Amino acid sequence: MTDAADQGPTSPAAVLFDMDGTLVDSEKLWTIALDDYAAHRGGSLSDATREVMVGSNMTRSMIMLLEDLGLPTEEADVDHAAAWVGARTAELFREGLPWRPGAPEALRTVREHGISTALVTSTIRSLAEIALDTIGRDHFDITVCGDEVDGRNKPDPEPYLRAARMLGVDPAGCVAIEDSPTGVASAEAAGCTVIAIPCEVPLLPGDRRVLRDSLEGLDLTTLSTVLDGAAA
Ligand SMILES: [Mg+2]
């Protein structure tokens, strides 16, 4: 028996991975699909709107897209845009998803240490399944998709809370890995500690987040240090 103070670094109860922009560089493919839709409707998407859409779920994104294009945002309009953009994105995902630097190694490292893992994405299940063909389903104990959270998408804490519930772990013992302000806000609100790796949009420092440039070199020591730092 040892005192708590004598014990080594704390291993995370689970590592919860965002998908788009964190594991795979799919945000660029989303941009192509959104630009294609805007062109199809005779307009173009502004950079400002594109930026606030990063990390958002499909319905919210489509409302922002249609508003940006000056088009109606009735439910049928949103559904139609979502179907169009979803189909185009699926096409692009099938052509191949580029990894973010260090992502495959980080996934393997976490698995090798026997730590529970989840994928927590705002992307809908049908598209996430295409991405999982590239990423590999075996990396995750569970996966939570944007259409499985009762409409309470990031930045609501529900996606991360749900992942922790499904894994049977305390969110406070989890490290989430995120790339967007929306995703970081969700994970922090759930009580997770966050490794924040900006991809498309800059991220600011915060109490429950550690900023990094990439997933390269992520190891158990890093994960434990991040967790212990947040608990200190
Ligand atoms: Mg993301």
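How many helices and strands does the protein chain have? I looked, and there are nine helices and six strands, counted as DSSP runs (helices are H or I with at least four residues, strands are E with at least two) and numbered from the N terminus.

Notes to self on the model. It is predicted, so I keep in mind that local features need pLDDT of at least 70 and side-chain atom pairs pLDDT 80 or more, while totals for chains, interfaces and linings use all residues. Residue numbers run from 1 along each chain as its sequence is written.

Overall size next. I found a radius of gyration (over C-alpha atoms) of 18 Å, which agrees with the value near 17 Å for a compact globule of 232 residues, the rule being 2.2 Å times the number of residues to the power 0.38. The C-alpha atoms fill a box of roughly 70 × 30 × 30 Å along the principal axes.

Then the domains. An automatic or database assignment sets the bounds: domain 1 is 4-25 + 99-231, and domain 2 is 27-94. Their contact takes 18 residues from domain 1 and 14 from domain 2, where contact means C-beta atoms, placed from the backbone, within 7 Å. On the domain 1 side, helix 6 (125-135) and helix 8 (181-189) each supply at least two residues.

Last, I checked helix 4 (residues 75-94) against helix 6. Their axes, lines fitted to C-alpha atoms over the stretch in contact, lie 9 Å apart at about 10 degrees. The two are therefore roughly parallel, the word for angles under 35 degrees. Among the residues that meet, I noted Phe93 in helix 4 and Ile130 in helix 6.

Note on methods
Two residues are in contact if their C-beta atoms, placed from the backbone, lie within 7 Å. Axes are lines fitted to C-alpha atoms, for helices over the stretch in contact, and angles run from 0 to 180 degrees between N-to-C directions. Angles under 35 degrees count as roughly parallel, over 145 as roughly antiparallel, 65 to 115 as roughly perpendicular and the rest as oblique.
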